[in-house]
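Work through the exercises below with the sequence and the coordinates at hand. Each task is followed by a solution in steps.

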Amino acid sequence: MTDTSLSAQSASRSCVPDPVIGAQPVLSVRNLSKVYKTGHRALKEISLDIHKGEIFALLGPNGAGKTTLISIICGLVNASNGTVTVAGQDTVVDYRAARSRIGLVPQELTTDAFETVWDTTSFSRGLFGKPANPAHIEKVLRALSLWEKKDARIRTLSGGMKRRVLIAKALAHEPEVLFLDEPSAGVDVELRRDMWELVRRLREEGTTIILTTHYIEEAEEMADRVGVIRRGELILVEDKVELMRKLGQKRLTMDLAAPLAALPPTIAAHGVKLEEGGQQLTYIYDTRMERSPGAAIAALLATLSAEGIIFDDLHTEQSSLEDIFVSLVRPAP
């Protein structure tokens, strides 16, 4: 990223007001379903509210319905049932007004190969009936490190640069809601980090961000709330921190001073496992357990002491959002 951004460099995420959950949502989906002519039911009664200024991550395995949902909201696919409103405007009844409030960065690198970066970005702004604004186009291109490429034809750009152009086109008409459909697919780590920074800056300006991603670290890094979709159903919507608190597990690992040939029954009764050739004890516990985790660990340590087992080191690890996601979408046995 260059020093020029879509917001003042002094802005910080901590200064951004939290989304007003009780306020009118900027995006509202109600009872949305999609059934194709083949009979395939891609979406099943999806209802969801997204609030101004939040970053919402939609997670799900391939074929879960993420892209179908975004395509319906953006007016690219017709729903079988249900409604979508953006800033109070129905995407069917008030299509043009509602659609002008949305920016979409698709998965596919669909760009006008023989157009210049400047022309294709400016044209995208005009598609939504916005008057020419060279200063805004320049600001967007500079923020995406595209300014030096403004006169280059799209076909001459690298894949990463083409991805930046897609984002520039989506931002050209100053949307209130920005959809990023797998924005990091096929890009290098540096560009991915740049896009994360851009997303944060957009949020600071009040833009609402909805992203789908296979990179769970993106959701863990940026999202305020997380939704999980599985086989066309929205099975969970939760504040990210609260989700990890509710569904997360912790692993307690103890490196033993001397190896054990076998685990004494009194210790095994705590649910502890002997690993690393007898050199390590592991204890996995749920942070939601009825008994206080602290009390359970204290009881375990007391049993170890009673058995004369000494450990050199002890540390804990928290489940990642990826662990939680996998547990949610894993097929039932």
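**Exercise 1. A hairpin**

How many residues lie between β9 and β10 in their hairpin, and which residue in the turn has a positive phi?

Solution. The model is a predicted one.

Step 1. The hairpin of β9 and β10 has two residues between the strands.

Step 2. The turn residue with a positive phi is R231, at about 50 degrees.

Step 3. The pairing of strand β9 (residues 225-230) with β10 is antiparallel and covers six bridges. Within it, I229 has L234 of β10 as its bridge partner, and R225 stands opposite D239 in β10.

**Exercise 2. The sheet that holds the hairpin**

State the strand order of the six-stranded open sheet, and explain why one side of β6 and of β10 has no neighbour in the sheet.

Solution.

Step 1. The order is β6-β7-β8-β3-β9-β10, and the pairing is mixed.

Step 2. β6 (102-105) and β10 (233-239) are the edge strands; each has a single partner strand, so one side of each lacks a neighbour in the sheet.

Step 3. On average, and ignoring direction, neighbouring strands of this sheet are turned by 15 degrees against each other.

Step 4. Helix α1 (residues 66-73) packs on this sheet and touches β3 (55-59), β6, β7 (177-181), β8 (208-212) and β9. The direction of α1 makes about 150 degrees with that of β7.

Step 5. Helix α5 (residues 159-171) lies across β6 and β7 and runs at about 170 degrees to β6.

**Exercise 3. The surroundings of β9**

Determine in which sense β3 and β9 pair, and whether β9 is enclosed.

Solution.

Step 1. β3 and β9 are joined by four bridges and pair in the parallel sense. One of the residue pairs is L59 with V228, the latter in β9.

Step 2. With β10, by contrast, the pairing of β9 is antiparallel.

Step 3. A residue counts as buried when its relative accessible area is under 20%. Five of the six residues of β9 are buried, so the strand is largely enclosed by the rest of the structure.

Step 4. For the protein as a whole, 45% of the 333 residues count as buried.

**Exercise 4. The four-stranded sheet**

Give the strand order of the open sheet of four strands, then trace the partners of S28.

Solution.

Step 1. The order is β2-β1-β4-β5, with antiparallel pairing. β2 (41-50) and β5 (89-90) are the edge strands, each pairing on one side only.

Step 2. Strand β1 (residues 27-35) and strand β4 (residues 81-86) run antiparallel and are joined by five bridges. Here S28 stands opposite T85 in β4.

Step 3. α1 packs on this sheet as well, touching β1, β2 and β4. The direction of α1 makes about 120 degrees with that of β1.

Step 4. β1 and β2 pair over six bridges in the antiparallel sense. The partner of S28 in β2 is D49.

Step 5. The hairpin of β1 and β2 has five residues between the strands, and G39 takes a positive phi near 95 degrees there.

**Exercise 5. Two helix contacts of α3**

Describe how α3 packs with α4 and how α3 crosses α5, and list the residues in contact.

Solution.

Step 1. Two packed helices are described by the angle between their axes and the distance between the axes.

Step 2. Helix α3 (residues 117-127) and helix α4 (residues 134-143) pack at about 120 degrees, with axes 10 Å apart. That angle makes α3 oblique to α4.

Step 3. The crossing of α3 and α4 is right-handed. From α3, V117, W118, T121, S122 and R125 take part; they meet P134, H136, I137, E138 and L141 of α4. By class, this contact has five nonpolar, three polar and two charged residues.

Step 4. The axes of α3 and α5 come within 7 Å and cross at roughly 30 degrees; this crossing is right-handed.

Step 5. V117, T120, T121 and S124 of α3 make the contact with V165, A168 and K169 of α5. By class, three residues are nonpolar, three polar and one charged.

**Exercise 6. The whole chain**

How many helices and strands does the protein have, and what share of its contacts joins residues at least 24 apart?

Solution.

Step 1. The protein has eleven helices and 14 strands.

Step 2. Among contacts between residues at least 6 apart in sequence, 71% join residues at least 24 apart.

Note on methods
Residues are numbered from 1 along each chain as its sequence is written. This is a predicted model: local features need pLDDT of at least 70, side-chain atom pairs count only at pLDDT 80 or more; totals for chains, interfaces and linings use all residues. Side-chain values use heavy atoms; hydrogens and water are left out. Axes are lines fitted to C-alpha atoms, for helices over the stretch in contact, and angles run from 0 to 180 degrees between N-to-C directions. Angles under 35 degrees count as roughly parallel, over 145 as roughly antiparallel, 65 to 115 as roughly perpendicular and the rest as oblique. A crossing is left-handed if the near helix is turned anticlockwise from the far one by less than a right angle, and right-handed if clockwise. Contact means heavy atoms within 4.5 Å. Ala, Val, Leu, Ile, Met, Phe, Trp, Tyr, Cys and Pro count as nonpolar, Asp, Glu, Lys and Arg as charged, and the others, Gly among them, as polar. Two strands pair if DSSP finds at least two bridges between them. Buried means under 20% relative accessible area, exposed over 50%, partly exposed in between (1.4 Å probe, protein chains only).
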